[in-house]
Amino acid sequence: MTRMGLTTFLYNDWVDSVTRTSRLAKYAFDPGGGDYHWAAKQAAGKLFADDLPYDQAVAEVMANMSRAYQRKDNQDALKTIYDWKLAHPGKAHTPPVGEVEAPQGELAVTLRPVFALEKKGVVTAYVPWMFKEARLTPKLAGIGVHLLEQGLQIDNHEAWRFAMIDTVNGKCFSRTHKDTAEAAAFMLRTQEEVILAQKMKVA
């Protein structure tokens with residue numbers, strides 16, 4: 001089975017069809033390794049769970065990043081999240097993790113919200129969107145929220161809500177739309193079909 005993160009899955013739909021096929025072909029045999037925002041995600045978790053100040057979170061997680069542009073991108077994303085945290089205080093919770101599978105069981109999208117906050121008795125878990133060249137749209141975010149609800153809104157987290165934050169412009173999206181479920185199912189099916197087709201070529 002091929003596993004990919006939620007934001008990678010959504011980004012595959014943002015790019016053009018040729019780029020999407022190329023990315024999925026590579027992912028079919030070498031999943032992971034393309035997301036250097038792991039540092040900002042890890043540091044963001046510390047901002048909320050451990051209530052660390054921004055400078056300390058940067059020092060603990062990003063000090064050893066060797067590529068300057070990657071370090072700057074991670075710091076910029078973390079600064080947006082930190083500013084958002086200051087403007088939206090709440091009680092931190094540990095978010096759940098899980099996954100949703102495509103119809104044929106060959107593709108699984110992993111669901112790992114980075115932080116969760118409780119405000120007025122409602123807990124919301126957040127997934128940051130950190131791609132600098134691609135703005136998160138309401139449609140894509142809605143698909144992400146739908147998959148988060150589908151995979152994580154169970155047991156003790158049944159009443160939780162889920163949202164996505166664009167770390168370039170700070171916009172937060174927490175709503176699904178009329179055709180979101182159908183769009184999410186279509187994306188799962190079509191990306192899985194490309195992965196299966198690539199694997200059949202070398203079978």
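These questions and answers cover a sheet and several salt bridges in a predicted model.

Visitor: In what order do the three strands of the open sheet lie?
Guide: The sheet has mixed pairing. Its edge strands are β1 (2-5) and β3 (98-101), each pairing on one side only. The order is β1-β4-β3.

Visitor: What is the average twist from one strand to the next?
Guide: The sheet in question is the open one, with three strands. From one strand to the next, the twist averages 30 degrees.

Visitor: Do β1 and β4 pair in the parallel or the antiparallel sense, and over how many bridges?
Guide: Strands of a sheet pair through backbone hydrogen bonds, and either sense is possible. Here β4 covers residues 107-111. R3 stands opposite A108 in β4. The pairing of β1 with β4 is parallel, over four bridges.

Visitor: Which helix lies across β1 and β4?
Guide: This helix covers residues 6-14. It runs at about 90 degrees to β1. The helix is α1.

Visitor: How many residues apart in sequence are the parts that D51 and K85 tie together?
Guide: The two side chains meet in a salt bridge, 3.0 Å from N to O. D51 lies in the loop between α3 (38-49) and α4 (54-62), while K85 belongs to helix α5 (residues 68-87). The pair therefore ties together parts separated in sequence by 34 residues.

Visitor: Is K85 buried or exposed?
Guide: Its partner D51 has 55% relative accessibility and counts as exposed. The cut-off for buried is under 20%. K85 has a relative accessible area of 15%, so K85 is buried.

Visitor: Which residue forms a salt bridge with K132?
Guide: K132 lies in the loop between β6 (122-129) and α6 (138-152). Its partner lies in helix α5, so the pair ties together parts 56 residues apart in sequence. The closest N and O atoms are 2.9 Å apart. K132 is partly exposed at 38% relative accessibility, and the partner is D76.

Visitor: Where do D83 and K79 both lie?
Guide: Their side chains meet in a salt bridge, 2.9 Å from N to O. D83 is partly exposed, with a relative accessible area of 36%. The two residues are four apart, about one turn of the helix. Both lie in helix α5.

Visitor: Which residues do salt bridges that share partners join into one network?
Guide: The structure holds eight salt bridges. One of them pairs K132 with D76, and D76 counts as partly exposed at 29% relative accessibility. The network joins K72, D73, D76 and K132.

Technical notes
Residues numbered from 1 in each chain as written. Predicted model: local features only at pLDDT ≥ 70, side-chain atom pairs only at ≥ 80, totals over all residues. Heavy atoms only, no water. Pairing = 2+ DSSP bridges. Axes fitted to C-alpha atoms, helices over the stretch in contact; angles between N-to-C directions. Contact = heavy atoms within 4.5 Å. Salt bridge = Lys/Arg side-chain N within 4 Å of Asp/Glu carboxyl O. Buried < 20%, exposed > 50% of the residue type's maximum accessible area, 1.4 Å probe, protein only.
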